[in-house]
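Subject: Structure for your review

Dear colleague,

Please find below the structure that I am handing over to you. My notes on it follow directly after.

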Amino acid sequence: MQSKATLASIEVKEAGEVSVTLFREEIGDEVIVNLPEGVAAPAAGSSVIAYTNGVMTMSIPAQTTAIGIVVQ
């Protein structure tokens, strides 16, 4: 069974072509989320829920891959 993780109610700080940088206010850090193929990046300032595969790098900022993203 594959584990999944959710980054909920997070503000999009920057939006690129294939990734977005999210700002997690509750802990004061950023996460780069690589988007699935064919998914348009939400606009900067949007609040999103990012569903990920549960794997995150230990780099600063951390990076993960979304399996889905929903604009709130």
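Ile49 has Val70 as its bridge partner in strand 5. Tyr51 is likewise bridged to a residue of strand 5, namely Gly68. Both pairs concern the antiparallel pairing of strand 4 (residues 47-56) with strand 5, which rests on six bridges. Please bear in mind that this is a predicted model.

The connection between these two strands is a hairpin of five residues. Pro61 is placed in that loop between strand 4 and strand 5. The peptide bond that joins Ile60 and Pro61 is cis, with omega at about -5 degrees.

Strand 5 (residues 62-71) also pairs with strand 3 (residues 29-34), here in the parallel sense and over four bridges. Within this pairing, Asn34 has Thr65 of strand 5 as its bridge partner. Strand 4, for its part, is joined to strand 1 by five bridges, and the two run antiparallel. An example is Glu11, whose bridge partner in strand 4 is Ser47.

As to the chain as a whole, there are five strands and zero helices. Read from the N terminus, the order of elements is accordingly β-β-β-β-β. In a regular strand, side chains alternate between the two faces of the sheet.

I turn next to the interior. The largest nonpolar core has 12 residues: Leu7, Ile10, Val12, Val20, Leu22, Val31, Val33, Leu35, Val48, Ala50, Ala66 and Ile69. At least two of its residues come from each of strand 1 (5-15), strand 2 (19-24), strand 3, strand 4 and strand 5. Strand 1 is the greatest contributor to this core, with three residues. Such a grouping may be read against a general tendency: in soluble globular proteins, nonpolar side chains tend to be buried together.

One member of the core, Ile69, may serve as a point of entry when you inspect the model. Setting aside residues up to four places away in sequence, Ile69 touches Val20, Leu35, Val39, Pro42, Val48, Ile49 and Ala50.

A second residue that merits attention is Thr52, which is found in strand 4. Is Thr52 buried or exposed? Its relative accessible area is 3%, and Thr52 therefore counts as buried, the limit being under 20%. Beyond its neighbours within four places in sequence, Thr52 is in contact with Lys4, Ala5, Leu7, Thr64, Thr65, Ala66 and Ile67. Among these, Leu7 and Ala66 are members of the core described above. In addition, a polar atom of the Thr52 side chain lies 3.2 Å from the backbone nitrogen of Gly54.

Finally, some overall values. The radius of gyration of the protein chain is 11 Å, which agrees with the value near 11 Å for a compact globule of 72 residues. Along the principal axes, the C-alpha atoms fill a box of roughly 35 × 30 × 20 Å. Of the 72 residues, 29% count as buried. The protein chain exposes about 4600 Å², and carbon and sulfur atoms supply 54% of that area. Of the contacts between residues at least 6 apart in sequence, 51% join residues at least 24 apart.

With kind regards

Conventions
Residues numbered from 1 in each chain as written. Predicted model: local features only at pLDDT ≥ 70, side-chain atom pairs only at ≥ 80, totals over all residues. Heavy atoms only, no water. Pairing = 2+ DSSP bridges. Core = buried A, V, L, I, M, F, W, Y, C linked by side-chain atoms within 4.5 Å. Buried < 20%, exposed > 50% of the residue type's maximum accessible area, 1.4 Å probe, protein only. Contact = heavy atoms within 4.5 Å. Polar contact = N/O pair within 3.5 Å; in protein donor to acceptor, adjacent residues only side chain to side chain. Rg over C-alpha atoms; globule rule 2.2 N^0.38 Å. Areas by Shrake-Rupley, 256 points an atom, 1.4 Å probe, with all protein chains shown as cover.
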